[in-house]
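Reader: Please examine one part of this model closely, namely the cavity and the helix that gives the most to its lining.

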Amino acid sequence: MRKYIRNYVEGGTFFFTLVTHDRNAIFHDSSTIEILLTAIKRTQKFHPFELVAYCIMTDHLHLLVSLPDGQFDYSTIIKEFKKRVTKEIRRQRNKPDLVVWQDRFHEHTIRNQHDLKIHFDYIHYNPIKHGYVVNLDDWKWSSFSYYFEGDDRENLAIDPNVFPNDGNYFGE
């Protein structure tokens, strides 16, 4: 089995895709999504990072994270986050053996402003890509509304043709 080598960059910005076990639609209701959002906040207390953007889908989520200077170990952050989510969902559903996540996660190191924009836009376009909504602002489980309000939304257009065609580029 090939060993994947992670790219750890001190103070870097990273795009992550985390997928549920067997693509189960675990994140389909507001109470489960609240578990995710709470786990992000609690993880940030012990392992500081800036959550630049996010989108929670029923069977996966995308995160765009910036680490502070001196920090490079995003694997510990993801491990802690996944552990918190798993523990709370197991408690909520009274299923102590429930497997929530795939073992691994997809990571991409953001290289420059163009790369940041592509991944930022992809995160917010994801619900349209998967057919959940027609408009960018119709999906409430993303950071879209944090960045774009009122008139800003009307003038915003994301062109999916600029996303790389490689089907696994974003880790889905």
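Author: The account below takes the cavity first, then the helix, and then two acidic residues elsewhere.

This is a predicted model, in which local features need pLDDT of at least 70 and side-chain atom pairs count only at pLDDT 80 or more, while totals for chains, interfaces and linings use all residues. Residues are numbered from 1 along each chain as its sequence is written, and side-chain values use heavy atoms, with hydrogens and water left out.

A search of the whole structure finds one cavity of 30 Å³ or more. A cavity here is a set of points on a 1 Å grid over the protein atoms alone where a 1.4 Å probe fits but cannot get out, and lining residues have an atom within 4 Å of a point. The volume, meaning the space filled by probe spheres set on the points, is about 50 Å³ for the largest cavity. Its lining consists of Phe 16, Ile 40, Thr 43, Phe 49, Leu 51, Leu 63, Val 65, Ile 77, Ile 78 and Phe 81. Two or more of these residues come from each of helix H1 (30-46), strand S3 (60-66) and helix H2 (74-93); helices are DSSP runs of H or I with at least four residues, and strands are runs of E with at least two. By class, the lining holds nine nonpolar residues, one polar and no charged.

H2 gives the most to this lining, with three residues. The 20 residues of H2 should span 28 Å at 1.5 Å a residue, and the end C-alpha atoms agree, being 28 Å apart; the expected span is 1.5 Å times one less than the number of residues. Among the buried residues of H2 (under 20% relative accessible area, 1.4 Å probe, protein chains only) are Ile 77, Ile 78, Phe 81, Val 85 and Ile 89. Their cover includes strand S1 (13-19), H1, S3 and strand S4 (106-109). At the start of H2, a side-chain oxygen of Asp 73 comes within 3.4 Å of the backbone nitrogen of Ser 75. Asn 94, with a positive phi near 55 degrees, follows H2.

The acidic residues lie in helix H3 (residues 113-129), where Asp 115 is found together with Asp 121. Asp 115 counts as buried because its relative accessibility is 3%, and Asp 121 because its value is 10%. Leaving aside neighbours within four places in sequence, Asp 115 is in contact (heavy atoms within 4.5 Å) with His 108, Thr 109, Ile 110 and Tyr 169. On the same basis, Asp 121 touches Ile 158 and Phe 163.

How values were computed:
Buried means under 20% relative accessible area, exposed over 50%, partly exposed in between (1.4 Å probe, protein chains only). On a 1 Å grid over the protein atoms alone, a cavity is a set of points where a 1.4 Å probe fits but cannot get out, and a pocket is an open set with protein on both sides within 12 Å along at least five of seven lines; lining residues have an atom within 4 Å of a point. Ala, Val, Leu, Ile, Met, Phe, Trp, Tyr, Cys and Pro count as nonpolar, Asp, Glu, Lys and Arg as charged, and the others, Gly among them, as polar. A polar contact is a pair of N or O atoms within 3.5 Å; within protein, one must be able to donate a hydrogen and the other to accept it, and residues adjacent in sequence count only if both atoms are side-chain atoms.
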